[in-house]
Amino acid sequence: MPLPEGFLQELKDRNDMTEVASSYVNLNRRGRNMVGLCPFHGEKTPSFNIYPENGSFYCFGCGVGGDVITFIMKIENLDYIDAVKFLAQRAGMNMPEDSYDDSMAGLRKRIFEANREAARFFYKSLYSEYGRRGLDYFHRRALSDRTIRHFGLGYADPERSSLCNHLKSLGFKNSELISANLAFQTRNGGVADRFYDRVMFPIIDLRGNVIAFGGRIMGDGKPKYLNTSDTPVFKKSANLFSLNNAKNSGDRSLILCEGYMDVIAVNQAGFQNAVATLGTALTQEQALLMKRYADEVIICYDSDEAGQKATARAIGFLRNAGLNIKIITIPQGKDPDEFLRNKGSDAHDAFKNVIEGSGNDVEYRLNKLKAEYNLELADGRVGFLTEASKILATLDNSIEQDVYISRLCKELEVSRDAVRQQIQKYGKKRYYERRKENFKNLRQNLSGRNDKVNTDRYKKPRAATAEEGVIAYIIKNPDRLSYVEKELLPERFQTEFNRKLFEYFSEKIKGGGDPLASVSGDFTQEETAKIFQIVNSEHARLANERTAAENIKVINDEFFRQQLSDPASADMDSIAEQLKRMKESRQ
C-alpha cells in the first residue's frame with residue numbers, strides 16, 4: 001500500500017525544501033525563489049532553482065527536479081522509502097505502520113546486514129591460521145595492525161563456499177547474497193562466493209554502512225582488483241573509498257588517490273583526508289560529491305602514462321564542479337604507497353613537503369606541455385605558446401589568466417599583446433562553439449526531440465504545450481477542475497504522458513488531497529522532474545482562466561484536426577460538435 005497522503009504532506013511541511021537543500025547547496029534569493037549551483041551536475045552559472053511556494057526544485061541545466069523527497073533520493077543516493085525515512089527521522093516523525101510496500105527497503109536492509117557480517121567474517125579470517133597469507137601481504141606493505149583494524153581489512157580464503165555457508169548459517173537467503181553481489185548462482189542452482197583468495201577492502205558509506213567490497217588477488221590471476229558491481233545499496237560512480245573518514249578530518253581539502261592501498265598508506269602517514277574512486281575513472285558525480293566536503297582537491301595519481309591520462313580527465317570534472325585543484329608529483333616517479341613505505345618514520349613530513357611543493361592544475365598542464373617542445377628554438381617557443389594559449393583560453397577568471405600571461409611572457413621574452421591576442425582568438429572560438437552547442441540543445445529541447453519522458457511531444461509540440469498549461473492550471477487551481485472537465489475530455493490529449501498526468505491529477509484533486517503529495521512515490525525520478533518542470537514553467541506561473549480556456553481550445557482544435565485527417569477512424573458526433581462550435585465562434 002502507498003504511504004498516506006496526510007503523512008506525506010506533514011513530512012514535507014516539516015522538512016522545508018529551502019532549509020533541507022541549503023545543507024548541501026549555497027543558495028541566494030532571486031525574486032521569490034532561491035538559486036544556487038546545481039549539486040547534480042557541474043556548472044559555473046547557477047541554474048538550480050527552489051520554489052518555496054510549492055516546495056519543489058528544478059535545474060534548468062540538467063533537467064533534474066522534484067520535491068524534498070526526490071532531492072534526498074538524488075543527493076543521498078537512497079530509494080523512495082529510505083528517503084522518506086531519512087526525512088521522517090530529521091523531523092522527529094514516526095513512519096506509518098504497515099501501510100506501504102517496504103519490499104525494496106527490506107532488501108536494502110538485508111544487503112546492509114549481509115555486508116556487515118561479510119566484513120566481520122573477512123576480518124576474522126585475516127587473523128586466522130588460513131588467513132596468514134593475507135596478513136603477511138598487508139604487513140609487507142607496511143600496514144600496522146591498527147591501520148588494518150581501522151579500515152576493517154580482511155581476507156577471503158580460497159574455498160569457494162566459505163562466506164556463503166557462513167552467511168546462510170545466519171539466516172541469509174541465496175537471493176539476498178546474489179543481490180548483495182557477495183555470491184553468484186552456479187549451474188546447479190546453488191551459490192558460490194564472488195570473492196576468494198583475495199585481501200579485502202570494505203567500502204563504507206557516509207552513514208557507516210558497509211555497502212561494497214574491493215578485493216585484490218593474491219596470485220597472478222586476473223582481474224588484479226575485483227569490485228562489487230552496482231547493487232540496490234551501491235553505485236560505483238557515486239561513491240568514494242574512505243570518504244567516511246575524510247569527511248571527519250576537519251580539512252576542506254581532499255587528496256584524490258588512484259587506489260585503496262594509496263589511500264590507506266596516505267592515511268597511515270597522518271593524512272585522513274584521502275579518498276579514491278572504486279575501480280573506475282573519476283566521474284562528474286564523484287566530483288560533485290567531493291564538492292560537498294571540500295573546496296580543494298589534491299590529485300595524487302601515479303606518474304605513469306595511465307596516471308597522467310587519469311589526471312587530465314579528473315581536472316576537467318573537478319574544475320567543472322567548481323573545485324580548486326593541485327597536482328602532486330611524487331619524486332622519482334613512484335606511486336604514493338611506495339614513496340611513503342620507503343620513507344618509514346619520516347613519511348608524514350616527506351608527504352607534507354610534497355603537498356606543499358605541488359602546483360595547481362594550470363601549472364601542471366603548462367609544465368607538461370613544456371616538456372614537449374624545445375624552448376631554445378624559435379619554432380619550439382611558437383609551438384609551446386600557441387598550445388599554452390589554448391589552455392589559458394579555458395580559464396574563466398581574467399585575473400588568473402593575466403597572471404599566467406605575465407609569467408609566460410617574462411620567461412620567454414615575448415609581447416604580452418601577442419599572447420593575449422592569441423588567447424582571445426581561441427577564447428572567441430570556444431565561446432562560439434559553446435554557443436552553437438547551447439543553441440542546438442535549446443532548439444532540440446523546444447522541439448521536444450530531447451524529451452525522453454514525453455516521447456510524443458516533438459510530434460505534437462503545439463498540443464503538448466497546451467496540455468502542460470492545462471495540467472499546471474488544475475494543480476494550481478484544483479477548484480476549477482470541474483470547469484476544465486466540462487470543456488475537455490482526457491481522450492483529446494495528443495500525448496500519452498500528458499493524458500496520464502491529467503487523469504492522475506484529476507483523481508487526486510477529487511480525492512481532496514494535495515495533488516503533488518505523492519508524486520515522488522508514484523512516478524520515476526525522470527517523470528517527477530518533468531512534472532515539476534511543468535508546474536514551475538513560465539506559462540504555468542502565468543496560468544489563469546483566460547490562458548486555460550485558450551489551451552483547452554488548442555487541445556480540442558488539434559484533436560478534431562486529427563479526426564478530420566483520418567475520417568475512417570473519426571467520431572462523427574465529435575466532429576459535428578466541433579463544427580458547431582467553430583460556427584458559433586465566428587458569429
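The following exercises, with worked solutions, concern a predicted model of a protein chain.

**Exercise 1. Overall description**

Determine how many helices and strands the protein chain has, and what share of its residues is buried.

Solution. The secondary structure amounts to 27 helices and 16 strands. Of the 587 residues, 49% count as buried. The C-alpha trace spans about 95 × 75 × 45 Å along its principal axes. Turning to contacts between residues at least 6 apart in sequence, 62% join residues at least 24 apart. The chain exposes about 29,400 Å², and carbon and sulfur atoms supply 47% of that area. Finally, the mean positions of the 86 positive and 82 negative charges lie 3 Å apart.

**Exercise 2. The five-stranded sheet**

State the strand order of the open sheet that contains β14, and identify which strands stand at its edges.

Solution. Begin with the order: β13-β12-β14-β15-β16, with mixed pairing. Next, consider the ends of this order. β13 (274-276) and β16 (359-360) each have a single partner strand, so one side of each is left without a neighbour in the sheet. Then examine one pair inside the sheet: β14 (residues 296-300) and β15 (residues 324-327) pair in the parallel sense over four bridges. Within this pair, V297 stands opposite I325 of β15. In general, the strands of a sheet pair through backbone hydrogen bonds, either parallel or antiparallel.

**Exercise 3. Cysteines and disulfides**

Establish how many disulfides the model contains, and decide whether C38 and C300 are buried or exposed.

Solution. The criterion is a pair of cysteine sulfur atoms within 2.5 Å. Applying this rule gives zero disulfides. For C38, the nearest cysteine sulfur belongs to C59 and is 3.6 Å away, and C38 is in no disulfide. The relative accessible area of C38 is 4%; the limit for a buried residue is under 20%, so C38 counts as buried. For C300, the nearest cysteine sulfur is that of C257, at 4.7 Å, and C300 likewise is in no disulfide. C300 has 0% relative accessibility and is therefore buried.

**Exercise 4. The surroundings of helix α12**

Find which residues of α12 are buried, and name elements that cover them.

Solution. First, count: helix α12 (residues 284-291) has eight residues, of which six are buried, and the helix is thus described as mostly covered. Second, list the buried residues: Q284, Q286, A287, L288, L289 and M290. Third, identify the cover, which includes the helices α10 (243-246) and α13 (305-320) as well as the strands β12 (253-257), β13 and β14. The strands β12, β13 and β14 also belong to the open sheet of Exercise 2.

Definitions and conventions: Residues are numbered from 1 along each chain as its sequence is written. This is a predicted model: local features need pLDDT of at least 70, side-chain atom pairs count only at pLDDT 80 or more; totals for chains, interfaces and linings use all residues. Side-chain values use heavy atoms; hydrogens and water are left out. Helices (H or I, at least four residues) and strands (E, at least two) are DSSP runs, numbered from the N terminus. Buried means under 20% relative accessible area, exposed over 50%, partly exposed in between (1.4 Å probe, protein chains only). Contact means heavy atoms within 4.5 Å. Accessible areas come from the Shrake-Rupley method with a 1.4 Å probe; for residues, only the protein chains shown count as cover. Lys and Arg count as positive and Asp and Glu as negative; His and the chain ends are not counted. The place of a charge is taken as NZ of Lys, CZ of Arg, CG of Asp or CD of Glu. Two strands pair if DSSP finds at least two bridges between them.
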